[in-house]
Amino acid sequence: MNISKLSLLTLLTLTLFFVGGCESTNDPDDKVVDPVDTTGQQNNDTTKQDTLTPYDTADVATYELTIHNDWSAATHPMDFPSDAHFSFLGGATHNSDVSFWKPGGTVTPGMQEMAETGNVTILADEEVQKAIEEGTAYSKVFEKIYTPEKPAIAPGVRTTTLEIHKSHPLVTLVTMLGASPDWFVGVSGLPLFEGGKWKASVEVNLPLYDGGTREGWIPVMGGPEIIPPNPISLITYTPGQGYGSATEPHIVGRMVFKRVQ
Ligand SMILES: [Ca+2]
């Protein structure tokens, strides 16, 4: 009987030791196995580039937007304003049933206010707001990212975030070049969800545009009003000659959209 009990105890102890030993050696084993598995998965992923994950097709995505202002005294010395900046940022995420501006089109009241003054109140609070109520826009962008207290932001960088729904996969954003009569940069109907998935990042060059509502080729505020307005058109800058109308884009900045969620 004693021997049986001893045998049982020994067996139990050995079993516990064995199980415990196994568990304790399983962890490092797992850690060794994991990278192998991960490598395998990465290889699988490489061969399945077109396989969409829930992340790729989520209803809502968040993008970090970085605006680069490359309009500087170094690149555009002629008549360069001392307080040069990109002004407030206005716009919307929307679908293809609405457009807020396009090259060759005529400015809306909101676009005219933006191009001439830098304010985006009419664009965001009236025109985009109306589109939201009609279901063609998902959200509005109204970022007071330029402040008069920080005038020397050219060339500079500003960052903000925007939320976008795949039912309204396009982005329209504009900002005035200050100071100027009616010059601006922006994007119109830029798709961030395309081919059934969200884009990881998009970088867009920003040509200089003329709103067509004010005369003048020097970057100062104001200028005679043009009635009726000219179409939105390109502006170029030629060293030694200054600004003028153009047929080719003259890039003064960039917008970089990077998906963060
Ligand atoms: Ca003009």
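In what order do the strands of the open sheet of 4 strands lie? Keep that in mind as you read these notes on the model, which is a predicted one.

1. **The sheet.** The answer to the opening question is 5-1-14-10, and the pairing is antiparallel. Strand 5 (156-165) and strand 10 (201-207) stand at the edges; each has a single partner strand, so one side of each is left without a neighbour in the sheet. Direction ignored, neighbouring strands here are turned by 20° against each other on average. As background, strands of a sheet pair through backbone hydrogen bonds, either parallel or antiparallel.

2. **One pair to trace.** Try following strand 1 (residues 60-69) alongside strand 5: the two are antiparallel and share 10 bridges. A good place to start is Thr66, whose bridge partner in strand 5 is Thr159.

3. **How far to trust the model.** The average pLDDT of the protein chain is 84, and 78% of the residues score at least 70. Residues 1-47 are another matter: pLDDT is below 50 over this stretch, which has 0 contacts in the model beyond near neighbours in sequence. Where pLDDT is low, the predicted coordinates should not be read in detail.

4. **The overall picture.** You can find 3 helices and 14 strands in the protein chain. Of its 261 residues, 31% count as buried. Take the contacts between residues at least 6 apart in sequence: 71% of them join residues at least 24 apart.

5. **A covered helix.** Is helix 2 (residues 109-117) mostly covered or mostly uncovered? It is mostly covered, with 7 of its 9 residues buried. Those buried residues are Gly110, Met111, Gln112, Glu113, Met114, Ala115 and Glu116. Their cover includes strand 3 (89-94), helix 3 (121-134), strand 6 (170-178) and strand 7 (183-191). After helix 2 comes Gly118, with a positive phi near 90°.

6. **The nonpolar core.** The largest nonpolar core has 49 residues, and the members touching the most other members are Met111, Met114, Leu177, Trp183, Phe184 and Val185. Strand 6 gives the most to this core, namely 6 residues. Phe184 is worth a closer look: leaving out residues up to four places away in sequence, its contacts include Met114 and Ala115 as well as Val174, Thr175, Met176 and Leu177. In soluble globular proteins, nonpolar side chains tend to be buried together.

7. **A glycine in a loop.** Gly211 sits in the loop between strand 11 and strand 12. Why does Gly211 count as buried? Because 27 other C-beta atoms lie within 10 Å, and 20 or more are enough for a residue to be called buried. Among the residues Gly211 touches, not counting those up to four places away in sequence, are Met111, Gln112, Ala115 and Phe184. Asp182 is also touched by Gly211; the C-alpha atoms of Gly211 and Asp182 are 5.2 Å apart, although 29 residues separate the two along the chain.

8. **The strands around that loop.** Strand 11 (residues 209-210) pairs with strand 12 (residues 233-238) in the antiparallel sense, over 2 bridges. Here Asp210 has Ser233, in strand 12, as its bridge partner. Strand 12 also runs antiparallel to strand 13 (residues 242-246), joined by 5 bridges, and Thr236 is bridged to Gly244 in strand 13. The hairpin of strand 12 and strand 13 has 3 residues between the strands, and in it Gly240 takes a positive phi near 85°.

Definitions and conventions:
Residues are numbered from 1 along each chain as its sequence is written. This is a predicted model: local features need pLDDT of at least 70, side-chain atom pairs count only at pLDDT 80 or more; totals for chains, interfaces and linings use all residues. A residue is buried if 20 or more other C-beta atoms lie within 10 Å of its own, exposed if 12 or fewer, and partly exposed in between; C-beta atoms are placed from the backbone. Two residues are in contact if their C-beta atoms, placed from the backbone, lie within 7 Å. pLDDT is the predictor's confidence in each residue, from 0 to 100. Two strands pair if DSSP finds at least two bridges between them. Axes are lines fitted to C-alpha atoms, for helices over the stretch in contact, and angles run from 0 to 180 degrees between N-to-C directions. A nonpolar core is a set of buried Ala, Val, Leu, Ile, Met, Phe, Trp, Tyr and Cys residues joined through C-beta atoms within 7 Å.
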